[in-house]
Amino acid sequence: MPHLKQPKTTEPLWKSWDFKAQKAGVRHTVYSVNGDQYTGEWLDNKKHGKGTQTWKKNGAIYDGDWKFGKRNGFGTYSTPLPGGGYKKIYSGGWKNDKKHGYGTNFYSEDDYYEGEWYADKRSGWGRMYYADGSIYEGEWYDDKQNGEGMLRLANENRYEGHWKDGKKHGEGKFFYLDKGQMYQGVWVEDVPKCGTMVDFGREGAPAPTVYPIPKLTLADSEEVLEDAKTTFLQEKE
């Protein structure tokens with residue numbers, strides 16, 4: 001009885017080509033059509049794991065963690081300097097290609113923020129250093145000072161209190177340490193509306209006022225202040 005030989009089954013060429021084209025694991029530099037390049041780990045044709053991305057358009061570099069094609073985890077974003085080298089712009093947490101979690105962002109050599117982020121915006125607790133020497137430390141929301149916080153100026157004078165949309169708003173204290181005075185009251189959009197001014201460390205102040213502040217003699221002063229606070233804050237709600 002003749003023996004019938006079974007024909008060898010062959011896989012279509014396109015399948016092997018497709019398998020070789022799949023990017024998974026560590027790869028050498030992969031270039032995009034627009035000139036961008038990426039070196040690092042892949043999973044299912046997506047950047048996943050550790051890797052470095054360079055954008056041709058602006059020369060910026062991201063080095064850090066990726067998850068399914070997006071920056072996720074810890075990473076550093078830098079831009080090129082005119083004379084060569086790179087300037088660090090942001091270093092910290094990322095989620096879905098946006099700054100998220102704790103990180104530090106450099107706006108200039110002297111202006112930088114360190115603290116919490118949410119979806120590319122300063123949100124949560126953070127500290128902002130300004131070029132003029134002042135420092136804000138406190139709560140943020142939607143990329144602005146919101147909540148409770150302290151602003152310390154370069155001359156050590158400081159404001160402690162509430163903020164809204166980047167402005168002093170609500171109850172707060174301003175310490176004029178250079179003059180030895182302290183204002184306590186209500187602020188509305190950066191403007192003090194009602195409160196009391198008292199001497200505070202006047203004896204040791206570097207530039208104290210000539211005369212101390214007279215004693216308050218207004219009858220029911222606390223009630224007057226409370227009524228004024230309520231009026232001003234309700235007008236802006």
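Helices here are DSSP runs of H or I with at least four residues, and strands are runs of E with at least two, numbered from the N terminus. Keep in mind that you're working with a predicted model.

## Exercise 1: Get the overall picture

Work out how many helices and strands the chain has, and what percentage of its residues is buried.

**Solution.**

1. Start with the secondary structure: the chain has two helices and 15 strands.
2. Next, burial. Of the 237 residues in the chain, 32% are buried, where buried stands for under 20% relative accessible area.
3. Then look at the surface. The accessible surface is about 15700 Å², and carbon and sulfur atoms hold 53% of that.
4. Last, sequence range. Take the contacts with a separation of 6 or more: 11% of them are between residues 24 or more positions apart.

## Exercise 2: Follow Trp94 and its partners

Find the strand that holds Trp94, decide whether Trp94 is buried or exposed, and list what Trp94 touches.

**Solution.**

1. Trp94 sits in strand β6, which covers residues 86-95.
2. Its relative accessible area is 8%, so Trp94 is buried.
3. Skip residues up to four places away in sequence, and Trp94 touches Tyr62, Arg71, Asn72, Gly73, Phe74, Gly75, Thr76, Tyr77, Lys99 and His100.
4. One of these partners also offers a polar atom: the backbone oxygen of Gly75 is 3.1 Å from a polar atom of the Trp94 side chain.
5. Now try a pair with a wider gap in sequence. Trp94 and Asp120 are 26 residues apart along the chain, with their C-alpha atoms 8.6 Å apart.

## Exercise 3: Two residues of β5

Arg71 and Thr76 both have side-chain polar contacts. Which side chain does each one pair with?

**Solution.**

1. Place them: Arg71 lies in strand β5, residues 70-80, and Thr76 is in strand β5 too.
2. For Arg71, the side-chain partner is Asp97, at 2.9 Å.
3. For Thr76, the side-chain partner is Ser91, at 3.2 Å.
4. Check the burial of Arg71. Its relative accessibility is 13%, so Arg71 counts as buried despite being a charged type of residue.
5. Compare the contact lists, leaving out neighbours within four places in sequence. Arg71 meets Trp55, Tyr62, Asp65, Trp66, Tyr77, Trp94, Lys95, Asn96 and Asp97. Thr76 meets Ile61, Tyr62, Asp63, Lys88, Tyr90, Ser91 and Trp94.
6. Tyr62 and Trp94 turn up in both lists.

## Exercise 4: Ile89 and Leu151

For each residue, name its strand and its contacts.

**Solution.**

1. Ile89 is in strand β6. Beyond four places in sequence, Ile89 touches Tyr77, Ser78, Thr79, Thr104, Asn105 and Phe106.
2. Ser108 is 19 residues from Ile89 along the chain, and 8.6 Å separates their C-alpha atoms.
3. Leu151 is in strand β11, residues 144-152. With a relative accessible area of 16%, Leu151 is buried.
4. Using the four-place rule again, Leu151 touches Ser134, Ile135, Tyr136, Asn157, Arg158, Tyr159 and Trp163.
5. Lys168 is 17 residues from Leu151 along the chain, with 9.6 Å between the C-alpha atoms.

## Exercise 5: Spot the positive phi

Ala119 and Asp165 have positive phi values. Where does each one sit?

**Solution.**

1. Recall the background: most residues other than glycine have a negative phi.
2. Ala119 has a phi near 50°. Ala119 lies in the loop between β8 (112-118) and β9 (121-129).
3. Asp165 has a phi of about 55°. Asp165 lies in the loop between β12 (158-164) and β13 (167-176).
4. Ala119 is at 31% relative accessibility, so Ala119 counts as partly exposed. Asp165 is partly exposed as well, at 46%.

## Exercise 6: Map the largest pocket

Which element gives the most to the lining of the largest pocket, and how does the lining divide by class?

**Solution.**

1. The largest pocket holds about 160 Å³ of space.
2. Its lining consists of Gln184, Gly185, Gly195, Thr196, Leu216, Ser221, Glu222, Leu225, Glu226 and Lys229.
3. Elements that supply two or more of these residues are β14 (181-188), β15 (191-199) and α2 (221-235).
4. The top contributor is α2, with five residues.
5. By class, you get two nonpolar, five polar and three charged residues; remember that Gly counts as polar here.

Methods
Residues are numbered from 1 along each chain as its sequence is written. This is a predicted model: local features need pLDDT of at least 70, side-chain atom pairs count only at pLDDT 80 or more; totals for chains, interfaces and linings use all residues. Side-chain values use heavy atoms; hydrogens and water are left out. On a 1 Å grid over the protein atoms alone, a cavity is a set of points where a 1.4 Å probe fits but cannot get out, and a pocket is an open set with protein on both sides within 12 Å along at least five of seven lines; lining residues have an atom within 4 Å of a point. Grid points are joined across faces, edges and corners, and a volume is the space filled by probe spheres set on the points. Buried means under 20% relative accessible area, exposed over 50%, partly exposed in between (1.4 Å probe, protein chains only). Contact means heavy atoms within 4.5 Å. Accessible areas come from the Shrake-Rupley method with a 1.4 Å probe; for residues, only the protein chains shown count as cover. A polar contact is a pair of N or O atoms within 3.5 Å; within protein, one must be able to donate a hydrogen and the other to accept it, and residues adjacent in sequence count only if both atoms are side-chain atoms.
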